[in-house]
Amino acid sequence: MSALAAVDNATIRSLNPITGDVVGEVPVMSAAEVDAVVAEAHHTAAEWGALDARERAAALLRVRQALVDRSRELAETISAETGKPHADAVFEVVAACTHLTYALRHANRALRRRRVPTSPVLVKRAWVEYSPYGVVAAITPWNYPVGIPFQILPFATAAGNTVVMKPSELTPVTGQIVAEVFAASGHELVRAVTGEAVTGEALVRSDVGKIAFTGSAATGRHILRTAADNLTPVVLELGGKDPMIVTDGADVARAARSAVGGTFSNSGQTCMAIERVFTTPGAYGPFVDAALAATAELRQGTAPSDHVGSLTQPGAAARIEKIVRRAEEQGARVLTGGKRRSDLGEEFFEPTVLVDVDPSMDLMAEETFGPVLPIVKVRSVEEAVRLANDCDYGLSSSVFADDASEARTIASRLMSGSVNVDDALVGSGIPALPFGGVKNSGFGRLQGEEGLREFSHARSVVESRFPRLPGLAAGMFTGNRPDPNVVHRGLGAVYSVGIRAKVAALVGRRS
Ligand code: NAD
């Protein structure tokens, strides 16, 4: 029996990480079930892809209405499955509305037929047209179970595809609601297949036209290898280890508040969380003081509007504790936090600020994915940029400098998919901005026009301006072929540098 068949008929019980209550139960779907769902999605894709962009936009407006109508239920389910405060969860629904609105408004313009110049074949006219892949697979993580799918689904569907989504096994109930919300379009645009890694793997092997994966770098690598068997194209949004640079003369109070927000929101379980701060000597002391003051204002707990909630994965608090203890062994100093909060729940960990951090410490290499803010004092801006780039990841980053010109200069030197100047995290909330990483943070882009085109294939079409003339292919390969010497001279006349060289080529002399 194959590994895939071994999990047939099993179910996943989704548990609230704070209370242990069962939020819902979903099936673990087999490869055969996944294939059947993908086949159904192809049928819907044939109708949906045939609609024009305006008809699709009207249908997606009904999806937005369903999001609004079910916002409370969605936020409560997100909160129950992840342990994040309701106040954080509701922002996912807000982001979902803004991303959907962008996609439905801009798909027509971004994907319309585009004429291109035909030089040197001037007897032709040509254009690029964009067509859907058919069915897109979306494999998504648990940390933003609505926010992340809405970086993919509106763009894929507005481009004319249907989607089969594999939500994380930790947040499958939220995933099912997301699929239901899309059914308000009047079409089954999104179908959820539930299960663990094997179900995801079955989806990767299925007959989909494109795969959008958001999750860890390790899983991303695995998916890329698996997708290679069918040569299915993949967009990968992976982890991050985002740096913040704070230089002398920067507004350190603002920088510190942004670092605290950028690190501790969602308990640090954000791909573009600030995980490394580099400050120059003049900014260091005031920045540390301001970061401690801002951290002291945070309320951690289980109330809907607390700032810091529970971690989501079982065992996460113990994992973070180990990372912090190891950093202490290596010489770092905890200024605040550093402990579990078992009085609040199994998976609570205090917002933690660390100083005396050296870039060579273990916590500076891999994603922490928890509420830990390490601050490194550097000697110069040059060193800050070097250390920020000396990392396997390159998702997002943050810069606070003396003035806008210095900030922009630093920003343009960072190996990073995006840069927030004078802020953290916000870039991904602007749906017109493409979102994605470099290095181990992945490739391809979600959001923006790039995101709409990511889910479309470009078809180049060429036609004759003078249909009565013989075709060029026929002219070149039949009848009297051009004299190669004439072609060589023509090449020189057109592409040599300088007028003398062009004339020399034309008359057949070396210049
Ligand atoms: P994960 O890689 O463990 O799982 C993500 C999804 O992939 C889940 O649905 C899982 O079931 C599925 N999966 C696991 N193994 C698979 C396989 N072999 N084949 C197919 N599917 C498989 O990630 P996670 O723990 O759910 O999420 C946290 C990670 O996601 C972090 O690394 C975080 O940085 C990253 N992330 C990245 C972004 C981004 O936009 N770049 C956003 C959010 C989270």
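In the predicted model, a polar backbone atom of Thr140 lies 2.8 Å from an oxygen atom of the ligand. Side chains also take part in polar contacts with the ligand. An N or O atom in the side chain of Thr219 is found 2.8 Å from a ligand oxygen atom, and for the side chain of Glu367 the corresponding distance from an N or O atom to an oxygen atom of the ligand is 2.4 Å. The ligand taken alone exposes 850 Å², of which 91% is buried by the protein. The surroundings of the ligand comprise 30 residues, and those that come nearest are Lys166, Glu169, Ser216, Leu238 and Glu367. Glu367 thus appears both among the nearest residues and in a polar contact made through its side chain.

Thr219, whose side chain approaches the ligand, falls within the residue range of helix 9, which spans residues 217-230. Helix 9 packs with helix 8, formed by residues 197-205, at an angle of about 35° and with the two axes 9 Å apart. The crossing of helix 8 with helix 9 is right-handed. On the side of helix 8, the contact involves Glu201, Val204 and Arg205; on the side of helix 9, His222, Ile223, Thr226, Ala227, Asp229 and Asn230 take part. By residue class, this contact is made up of 3 nonpolar, 3 polar and 3 charged residues.

Two loops contain backbone features that merit separate description. The peptide bond between Ser119 and Pro120 is cis, with omega at about 10°. Pro120 is located in the loop that links strand 3 (114-116) to strand 4 (124-132). The other feature concerns Phe369, a residue other than glycine with a positive phi, near 55°. Phe369 is placed in the loop between strand 13, residues 352-355, and strand 14, residues 372-377.

Terms used. Residues numbered from 1 in each chain as written. Predicted model: local features only at pLDDT ≥ 70, side-chain atom pairs only at ≥ 80, totals over all residues. Heavy atoms only, no water. Axes fitted to C-alpha atoms, helices over the stretch in contact; angles between N-to-C directions. Helix = DSSP H or I, 4+ residues; strand = E, 2+ residues; numbered from the N terminus. Left-handed = near helix turned anticlockwise from the far one by under 90°. Contact = heavy atoms within 4.5 Å. Nonpolar A, V, L, I, M, F, W, Y, C, P; charged D, E, K, R; others polar. Near = heavy atom within 4 Å. Polar contact = N/O pair within 3.5 Å; in protein donor to acceptor, adjacent residues only side chain to side chain. Areas by Shrake-Rupley, 256 points an atom, 1.4 Å probe, with all protein chains shown as cover.
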